[in-house]
Amino acid sequence: MRRTTSSSLGGLRAALVRVAAAATTPLLPDDYLDLVAPLRRGTHRARLLAVVPETSSSATLVLRPSAGWTAHAPGQNVRLGVDVDGVRLWRSYSLTSPVRPDGSITVTVSVVPDGAVSTHLVRAAEVGDIVELEGPDGDFVLSSPLPQRALFVTAGSGITPVIGMLRASLAGLDDVVVVHSARTADDVLFGRELRAWASDGRIRLVERHTAADGRLTTDELEQLVPDLADRETWACGPNGLVDAVVGLFEDRGWSHRLHVERFRPVAAVLGEGGSVTFARTGATVDADGSRPLLVEGEDAGVLLRSGCRMGICYGCVVPLEEGAVRDVRDGAITVAAPGDGVLIQTCINAPAGPCVIDA
Ligand code: FES
């Protein structure tokens, strides 16, 4: 009797894949699998289960991730990739709930001016849509053990990671103050939920409506929260707010108790090529967008790791620190804001605007 070993099974599987590939050419077997099982294990996608309006310009997306989704810590974010007018665009969004009993997750998206992805997700996305999903990522999370006294200072969409933390952990937090700024009362994301917690005595909520009252100052913050010195603090929102809180905590010597997350505007300029800066060497080249970054770098004397040079081995992966690149195989655009460090393959990506590569 012949024994079937794991290596012969592997060989058989490989042979079947080759036969399937030959039979389905020019498409690959995975292309057909994507039609019938787009969320199978090993893929990084999600199906849109629901779009729940939050305010006039924001909505919560309920997503079912691919099989094997890694549980996230409340406060972390994911990257969503969506196709808008034939171009794949990526943006990061905070997770706004723990993994739900049915395995779904949520992100809450607010429309930003000229924001192609946010506008698409809030106004045009439909139940059943499949989006690319990467992550979770980020260290803007609750400390362990949970603090005895917590303060959350947020503005606008800065409440999104915080609502994820509160939904997951409010039962374990004894003393919570939330100071949140929004243009008007109607613009307060999750306003009903926050106010319900406040009326139940589970949090102390301070709403600042900036259209009437102007922006919160750090002097006002100290008056609103007299025991600021004793509170573990999380601040999230536009740079102006976060910078002010960081400055206050530095001045007082409390920085070790402050956790911050900034909203970074994605200001990538899309085009056919652009200046490519290789950050480690300091070299900058002007590229017309017709050649991969690997080739541009080599011609400029920048030593870049590589292998197959055709997008297969991942031997050329480097962080895209900032800017936009285009996958020369399918035109997919990858955009990174400063500090994102999105990983890209230099052998199959060409500049699609000014960009900075960590190489
Ligand atoms: S060199 Fe192999 S994937 Fe780029």
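**An open sheet, two cis prolines and two positive phi angles**

Pro136 lies in strand 6. The structure is a predicted model. In this model, the peptide bond that leads from Gly135 into Pro136 is cis. Its omega is near 5°.

Strand 6 belongs to an open sheet of 6 strands. Their order across the sheet is 4-3-6-1-2-5. The pairing is antiparallel. Strand 4 (87–94) and strand 5 (105–110) are the edge strands. Each of these two pairs on one side only. Neighbouring strands of the sheet are turned against each other by 35° on average, with direction ignored.

The order of the sheet places strand 6 between strand 3 and strand 1. Strand 6 covers residues 130–137, and strand 1 covers residues 45–55. These two strands run antiparallel and are joined by 3 bridges. Ile130 in strand 6 stands opposite Arg47.

A helix also crosses part of this region. Helix 3 (residues 116–124) lies across strand 2 (58–65), strand 3 (77–84), strand 4 and strand 5. Both edge strands, 4 and 5, are thus among the strands that helix 3 lies across. The helix runs at about 85° to strand 3.

A cis peptide bond is also found from Ser144 to Pro145. Here omega is near 0°. Pro145 is placed in the loop between strand 6 and strand 7 (149–155). Pro136, by contrast, sits in a strand, namely strand 6.

Two residues were examined for their backbone angle phi. Phe190 has a positive phi of about 60°, although it is not a glycine. Tyr314 is not a glycine either, and it too has a positive phi of about 60°. Both residues lie in loops. Phe190 is in the loop between strand 8 (175–182) and helix 5 (191–199). Tyr314 is in the loop between helix 9 (293–299) and strand 14 (317–327).

The surroundings of the two residues were then compared. Around Phe190, 22 other C-beta atoms lie within 10 Å. A residue counts as buried at 20 or more such atoms. Phe190 is therefore buried. Around Tyr314, 11 other C-beta atoms lie within 10 Å. The cut-off for an exposed residue is 12 or fewer. Tyr314 is therefore exposed. In short, a positive phi of about 60° is found at Phe190, which is buried, and at Tyr314, which is exposed.

Definitions and conventions:
Residues numbered from 1 in each chain as written. Predicted model: local features only at pLDDT ≥ 70, side-chain atom pairs only at ≥ 80, totals over all residues. Pairing = 2+ DSSP bridges. Axes fitted to C-alpha atoms, helices over the stretch in contact; angles between N-to-C directions. Contact = placed C-beta atoms within 7 Å.
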